[in-house]
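Biologist: Please take a close look at a single strand in this model. I would like to know what it pairs with and how it sits relative to the nonpolar interior.

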Amino acid sequence: AITGNVSIASGGGTLRLGGMATLQYPTSFIVDGGGVLEVNNNLGTNLPDRIRDDASIVLRGGTIRGTGGNEHFGNVTAAAGPNYIAGNNILTINALTRNTGATVGFGDNIAGGNMVTIVQAPTLVNGLMVGGAGFWSYNQGRVRTLSQAISEGVVPALVTDINAGAATDNFNVYVSDATPTATLTSSRSINSLQFGGQDSGVNSVLDLGTNTLTLTSGYFGGTTDWMRVTNGTLIPAGNELFVQGPGNGNRTITFDGVLADNGNPVNVVLFGGNNITFAGTNTFSGNLYINGTNVSFSGANSDATIPNVPEIHLNGGALNAGTGLTKPIIFDNSAIGLNSGAFNVANQLRGTAFISKGGDSDVTISQANPNLSATFAVNRGSLTAPVAGALGSSEVLVNYADRGGTLNYNATGITSSPKGVTVCGEGNVNIGANLTVADRITVK
């Protein structure tokens, strides 16, 4: 029997309990970025208690899933990154808490009758669940979609005019190609905002004028199309602004210098699909958390678009860093993408992650990063390490996904010690130095 605690590492591993399998002794589970803990009662035997009811689960960009039958977990903590709790039938957890910057989404057709039950009611703001990766609610012990909550009377119907409704209302503002701009005429508070257009290639614009729009719950969601939020100021009432990327195709939300503090530092938490771009000068001074979306910076200097941000936490999704980004980038045991950029600050990259290098551009890491212990999968473009210690104690996989990719280790006369280098298929390694590898060089 397994009696110790259980950890599922980042990079996409799954621990699936089916048949007669149980883990009744462990009292603690940790599920890192991309990892899945699944209790499956569709694999021949329906056991209602595969994991003990008081087992605590810490999610750091991971997923827990119950498939078939009933299962009860203990306290669940969303510690970092984008996390998911999915119940295909009935999944019960005792309590759900989260750290700043972490998000929790719920899936597997909750609207269709599958249930996730939370015994201790989570925090709601005017009917919306704080920290949910999406617009989730809660009623009679169960997680509800926003549309379910509206039909059950938990929250009122959505308001469609940005200048109408009450401060406690949730808004869904839609603009047409003929009138692609919605303009806020005076400063106000609303609970949450979903914004979008006809998805035809015409930019949908939310113009705040000279006004301040305060989101009481902290939620802003892009629905379709290319969107720009410009002029004025967008703030949450609390210390976190949650921004959901647009869900259709290769769409982008651009924040044109409107994200700010509210008298206290505001953390901006990005989640959901597709792309978010920072332009102008966004003055919020809390951290930037990237939870599963693609983030870019517009302009010659990336720092200038978020000048007051102390740290960037990259947990899922991908970062297109551009030039001039000097902020520390923290990896919290996640699976992420690093597609472009020059990282020129010592100890700028920190933490543990499975880092996929995609796109045709180069990523250059030109200073030592002693607190970096990652796995780099160079699938396209190139990863260049011109100085000793640039990759810390990381491992490098070249052509991991059979798409190509090049590792340039060109610090002539300088040694370094990544854990190991594995070259798969047609991947390339260009060595312009005396390369010392602590573990191995493998060619497949």
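Modeller: The model is predicted. A convenient place to begin is H313, which stands opposite I330 in β29. That pair belongs to the contact between strand β27 (residues 312-314) and β29, where 2 bridges join the two strands and the direction is parallel.

Strand β28 (residues 318-320) also pairs with β29 in the parallel sense, here over 3 bridges. Within this pairing, L319 has L338 of β29 as its bridge partner.

Two further strands pair with β29. With strand β30 (residues 349-357), β29 forms 8 bridges, and the sense is parallel. One of the residue pairs there is I329 with L349, the latter lying in β30. Strand β31 (residues 362-365) is joined to β29 by 3 bridges and runs parallel to it. In that case A342 is matched with T364 of β31.

As for burial, 11 of the 15 residues of β29 are buried, so the strand is largely enclosed by the rest of the structure. The cut-off behind that statement is a relative accessible area under 20%.

The nonpolar interior can be described next. The largest nonpolar core contains 65 residues, and those with the most contacts inside it are L193, F220, L234, F255, L288 and L319. Strand β29 (residues 329-343) gives the most to this core, contributing 5 residues. L319 thus appears twice in this account: it is among the residues with the most contacts inside the core, and it is the bridge partner of L338 in β29. In soluble globular proteins, nonpolar side chains tend to be buried together.

L193 can serve as an example of the contacts made by a core residue. Leaving aside residues up to four places away in sequence, L193 touches F135, I162, F171, V173, L206, L213, L215, Y219, F220 and G221. F220, one of these, is also listed among the residues with the most contacts inside the core.

A second core, separate from the one that β29 feeds, has 29 residues and includes V6, I8, V39 and F73.

To sum up β29: parallel pairing with β27, β28, β30 and β31, burial of 11 of its 15 residues, and the top contribution to the largest nonpolar core, at 5 residues.

How values were computed: Residues numbered from 1 in each chain as written. Predicted model: local features only at pLDDT ≥ 70, side-chain atom pairs only at ≥ 80, totals over all residues. Heavy atoms only, no water. Core = buried A, V, L, I, M, F, W, Y, C linked by side-chain atoms within 4.5 Å. Buried < 20%, exposed > 50% of the residue type's maximum accessible area, 1.4 Å probe, protein only. Helix = DSSP H or I, 4+ residues; strand = E, 2+ residues; numbered from the N terminus. Contact = heavy atoms within 4.5 Å. Pairing = 2+ DSSP bridges.
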